[in-house]
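Please look through the structure shown below with its open spaces in mind, and follow how the ligand is placed among the residues that surround it.

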Amino acid sequence: MSDQGFTTAILHSDRSRPIEHGALHKPLHHSVAFEYADARDLVRVFQGELSGYSYGRQGTPTTAALEDKITTMEGGVTTVAFGSGMGAIASTLIALLRAGDHVVSSRFLFGNTNSLFDTLSRWGIAIEFVDATDAANVVRALTPATRMVFVETIANPRTQVADLAGIGELCRTRGIVYVVDNTMTSPYLFAPRRVHASLIINSLTKCIGGHGNALGGAVTDTGLFDWTKYPHIHDGYRKGDPSRWGAWQIRKKGLRDIGTTLSPEAAHHLAVGAETLALRVQKTSANALKLAQNLESHPRVRRAYYPGLASHPQHERAKLLFRDFGGLLSFELADGIDCFDFLNKLQIVISSSNLADNRTLAIPVAHTIYFEMGAERRASMGIAESLIRVSTGIEEEEDLIADFRQALA
Ligand code: PLP
């Protein structure tokens with residue numbers, strides 16, 4: 001991050017380069033193709049020797065402006081944007097891994113990431129899931145073929161907080177790519193660069209966009225990993241500044257070849273949303289803490305999970321690492337209360353599957369996002385069959401508490 005404050009830097013990032021007509025927003029560039037007066041320049045762009053745009057699938061000036069904002073927020077060296085968070089994760093893994101590789105992943109994961117790992121394991125990439133709240137479990141799982149460690153900061157949906165610093169130190173000393181999914185914390189609450197992350201994933205759909213009106217994803221290279229030592233960088237991408245090699249391969253082998261491209265319209269929505277990231281996350285975090293405290297002490301709630309609660313097993317770690325605790329919490333109802341009856345009684349809170357919308361959303365995860373993986377795997381992730389995930393919005397706190405209270409009553 002520059003010397004400017006978090007929000008100042010986002011608000012003024014478009015203007016760091018001249019914008020046509022003195023516009024304050026970067027305009028939407030819809031063109032798929034780009035002209036070069038000298039055809040040799042087109043070749044140089046294709047070959048990575050000149051910066052520019054070759055074809056809209058690999059990026060446009062509009063997506064590049066958003067990428068610059070994310071790079072600034074994360075304090076990285078470069079970012080590649082995608083059409084969704086899953087696009088970013090899938091493209092990163094497919095671009096960097098090969099059959100025979102071994103990946104250690106946190107066992108506490110977003111359901112679709114878990115499903116993607118299942119696909120990769122069918123392609124000959126071995127995935128070992130561990131309890132990543134303790135780096136010692138990651139150490140035990142390492143093999144000579146381990147190329148990558150993958151964790152979420154605050155795990156969706158049970159809110160376990162990975163041993164982010166311990167794993168970062170381990171990956172640094174062993175030369176392993178450390179991928180941190182920062183979606184639940186967002187770059188406002190946490191800078192994974194501080195714990196030596198190599199690559200940072202953000203689902204832009206969530207906190208950064210914030211309005212539930214556009215899908216997007218991004219991977220940011222922190223510049224800390226030495227790509228000259230990574231065996232799977234293709235010869236064609238071993239050119240120029242080595243800190244860009246990994247992202248270059250992700251852009252080519254991931255974004256270009258898979259085509260999970262972010263549209264200029266979505267990039268614009270996300271960039272406008274990003275301007276209020278800090279303000280929104282302050283409010284969603286405050287709402288989540290109040291709601292979690294209320295739920296925890298309610299007789300009709302068996303357990304509430306939120307890193308801001310003193311009862312949370314990683315509360316001290318979360319306090320140390322994060323600026324605040326975010327807008328994700330989950331809870332189990334007391335025995336005998338039907339979670340669907342409860343959800344149907346909520347009037348302000350919406351039964352819906354997104355996260356970090358301005359509106360508060362709730363979902364029974366075992367029956368939806370985590371349904372496909374089966375009860376055994378859910379249990380290993382700490383997901384009870386009655387678990388309800390809540391993503392707090394920016395409504396007035398009293399309204400939210402009152403809505404939960406009347407539904408529980
Ligand atoms: N990572 C985490 C932690 C998520 O919670 C999600 C979605 O909920 C994703 C990635 C995927 O993001 P998207 O929905 O933008 O594909």
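In this predicted model, the second largest pocket has a lining of 22 residues, and those that lie nearest its centre are Met-86, Phe-110, Ser-203, Lys-206 and Leu-355. The volume of this second largest pocket is about 370 Å³, and its lining residues fall into eight nonpolar, 10 polar and four charged. Two helices, α4 and α5 (111–122), each contribute at least two residues to that lining, with α4 giving the most, namely three residues.

What occupies the second largest pocket? The space in question is the one taken by the ligand, and around the ligand itself there is a shell of 15 residues, of which Gly-85, Asn-156, Asp-181, Ser-203 and Thr-205 are the closest. Ser-203 therefore appears in two descriptions, being listed among the residues nearest the centre of the second largest pocket and among those closest to the ligand, where a residue is counted as near if one of its heavy atoms lies within 4 Å. Helix α4, which spans residues 85–96, gives the most to the shell around the ligand, with three residues. Sorted by class, this shell holds five nonpolar, seven polar and three charged residues.

The polar contacts can be followed one by one. At Gly-85 the backbone takes part, with an N or O atom placed 2.8 Å from an oxygen atom of the ligand. At Ser-203 the side chain takes part, with an N or O atom that is 2.8 Å from a ligand oxygen atom. Thr-205 likewise has a polar side-chain atom, lying 2.6 Å from an oxygen atom of the ligand. The ligand, which taken alone would expose 390 Å², has 92% of that area buried by the protein.

A further open space can be described in the same terms. The largest pocket contains about 1,200 Å³ of space and is lined by 41 residues, with Ser-51, Gly-52, Thr-78, Trp-248 and Arg-251 lying nearest its centre. Its lining draws at least two residues from each of α3 (61–74), β1 (78–82) and α9 (245–258), and α3 gives the most, with seven residues. By class, the lining of the largest pocket is made up of 12 nonpolar, 17 polar and 12 charged residues.

How values were computed. Residues numbered from 1 in each chain as written. Predicted model: local features only at pLDDT ≥ 70, side-chain atom pairs only at ≥ 80, totals over all residues. Heavy atoms only, no water. Polar contact = N/O pair within 3.5 Å; in protein donor to acceptor, adjacent residues only side chain to side chain. Areas by Shrake-Rupley, 256 points an atom, 1.4 Å probe, with all protein chains shown as cover. 1 Å grid on protein atoms, 1.4 Å probe; cavity = no way out; pocket = protein on both sides within 12 Å on 5 of 7 lines; lining within 4 Å. Sits in = over half its atoms within 2 Å of the grid points. Helix = DSSP H or I, 4+ residues; strand = E, 2+ residues; numbered from the N terminus. Nonpolar A, V, L, I, M, F, W, Y, C, P; charged D, E, K, R; others polar. Points joined across faces, edges and corners; volume = space filled by probe spheres on them.
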